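Work through the following exercises with the sequence and the model side by side. Each task is followed by a solution that goes step by step.

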Amino acid sequence: MKSIASEANPRYRAWLRLAESPRQIRLSGRTLAEGIHVIEAARAAAHPIEALLVRRGAQGQAVERLAAQLAHEGVACYELSPALFDRLSPVERGAGLIAVIAVTHTPEPRDLAADALYLDGVQDPGNVGALLRVAAAAGVRHVLAGPGTAALWAPKVVRAAQGAHFALALYDVADPAHLKQALRGPWFGADAHAATSLWEVALPSAPIGWIFGAEGRGLSAAARAVCDAYVTIPMASAVESLNVASAAAVCLFERRRRLLSANGGRVHPLGEGGAFGKNAPSQSDGGDDVG
């Protein structure tokens with residue numbers, strides 16, 4: 001294992017730019033994935049891993065086993081001083097492992113044949129990562145991010161998603177108006193002030209889209225122009241709204257429940273089912289609420 005102790009090292013400078021700049025992630029086609037669970041998920045999905053960065057002094061059987069496995073597979077491994085490693089890490093007290101992984105950039109989709117989720121200006125990386133986990137768990141494979149949404153491959157988003165990236169198709173959408181070409185079916189907007197309850201709204205068996213916006217502002221005018229209907233989640237009067245990832249979980253799993261019920265309890269072709277990341281800790285720290 002090679003050791004890096006200077007911040008002037010060219011490799012380290014390149015990694016630091018990935019930690020600090022979403023634009024650099026897009027330009028280089030790489031990002032940083034912190035944590036044993038995330039790295040193991042990337043490895044299980046055969047996602048390209050370019051390098052493994054190990055914090056000097058990181059201990060534990062899981063750390064040693066994963067480092068040994070990746071080294072055996074030909075992944076370049078580097079030991080970093082604690083000060084250098086901590087500047088790269090998206091969390092303060094992690095496992096001491098970061099993988100440099102490839103980023104998958106997919107063109108804007110057209111005519112999707114399965115349910116989709118659109119994030120309208122959700123700025124908090126923890127919430128975006130949590131939304132990706134919810135989508136993966138609910139069998140919604142297509143996630144689209146609009147202007148103002150945290151970069152889907154930013155290290156904090158990758159950390160919060162806990163491996164969901166490798167089970168999803170992710171897209172950046174330049175304009176919400178493009179959603180009508182991405183999915184021809186109806187788009188449902190989550191709105192705390194909508195008149196129609198989620199429990200009562202008619203959801204067709206054909207593919208549909210969901211739109212969730214950010215705290216305070218809610219859905220943008222451009223996103224509202226795409227919506228065919230709005231739904232609200234009935235809640236106790238003492239609570240005004242839910243965190244956006246919690247709201248999405250309610251809506252997407254209600255959709256999944258109906259599809260499974262209509263299909264005799266079997267996984268519906270609109271989504272691949274199963275719980276995702278059962279043992280992964282939540283990294284969302286709030287910031288975007290939806291009612």
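A residue is called buried when its relative accessible area is under 20%, exposed when it is over 50%, and partly exposed in between, with a 1.4 Å probe and protein chains only. Helices (H or I, at least four residues) and strands (E, at least two) are DSSP runs, numbered from the N terminus. This is a predicted model, in which local features need pLDDT of at least 70 and side-chain atom pairs count only at pLDDT 80 or more, while totals for chains, interfaces and linings use all residues. Residues are numbered from 1 along each chain as its sequence is written, and side-chain values use heavy atoms, with hydrogens and water left out.

**Exercise 1. Helix α3**

Task: State which residues of helix α3 (residues 36-44) are buried, and find the elements against which they pack.

Solution. Begin with the helix itself, where Ile 36, Val 38, Ile 39, Ala 41 and Ala 42 are buried. As background, an α-helix has 3.6 residues a turn, so residues three or four places apart point the same way. Next, look for contacts, meaning heavy atoms within 4.5 Å. The buried residues of α3 pack against the strands β2 (30-34), β3 (49-55) and β5 (97-102), and also against the helices α4 (61-72) and α7 (155-161). Finally, follow the chain past the helix: Ala 46 comes after α3 and has a positive phi, near 60 degrees.

**Exercise 2. Salt bridges between separate elements**

Task: Determine how many salt bridges a search of the whole structure finds, and describe the pairs made by Arg 159, Glu 40 and Asp 86.

Solution. A salt bridge is taken here as a side-chain nitrogen of Lys or Arg within 4 Å of a carboxyl oxygen of Asp or Glu. With that criterion, the search of the whole structure gives 16 salt bridges.

Step one concerns Arg 159, which pairs with Glu 34, their closest N and O atoms being 2.6 Å apart. Arg 159 belongs to helix α7 and Glu 34 to strand β2, so this pair ties together parts that are 125 residues apart in sequence. Both partners are buried, Arg 159 with a relative accessible area of 13% and Glu 34 with one of 1%.

Step two takes Glu 40, whose salt bridge with Arg 65 has its closest N and O atoms 3.0 Å apart. This pair links distant parts of the chain, since Glu 40 is in helix α3 and Arg 65 in helix α4, 25 residues apart. Glu 40 is partly exposed at 28% relative accessibility, and Arg 65 is partly exposed as well, at 38%.

Step three turns to Asp 86 and Arg 55, whose side chains meet in a salt bridge at 2.9 Å, N to O. Asp 86 lies in helix α5 (residues 82-88) and Arg 55 in strand β3, 31 residues apart, and this pair too links distant parts of the chain. The relative accessible area is 35% for Asp 86, which is partly exposed, and 28% for Arg 55, which is likewise partly exposed.

**Exercise 3. Helix α10**

Task: Describe the surroundings of Glu 254 and Cys 251 in helix α10 (residues 244-262).

Solution. Start from Glu 254, a residue of α10 that counts as buried at 9% relative accessibility. Glu 254, Arg 257 and Arg 258 are linked in a network of salt bridges. Leaving out residues up to four places away in sequence, Glu 254 touches Leu 198 and Trp 199.

Then move to Cys 251, which is also placed in α10 and is buried, with a relative accessible area of 2%. Beyond its neighbours within four places in sequence, Cys 251 is in contact with Leu 198, Trp 210, Phe 212 and Ile 233. Leu 198 therefore appears in the contacts of both Glu 254 and Cys 251.**Exercise 4. The chain as a whole**

Task: Judge how the size of the chain compares with the globule rule, and say what share of its residues is buried.

Solution. First count the secondary structure, which comes to 10 helices and 13 strands. The radius of gyration, taken over C-alpha atoms, is compared with the globule rule, 2.2 Å times the number of residues to the power 0.38. The chain has a radius of gyration of 20 Å, close to the 19 Å that the rule gives for 291 residues, so it is as compact as a globular protein of that length. Along the principal axes, its C-alpha atoms fill a box of roughly 60 × 40 × 40 Å.

To finish, consider burial and contacts: 51% of the 291 residues count as buried. Among contacts between residues at least 6 apart in sequence, 81% join residues at least 24 apart.
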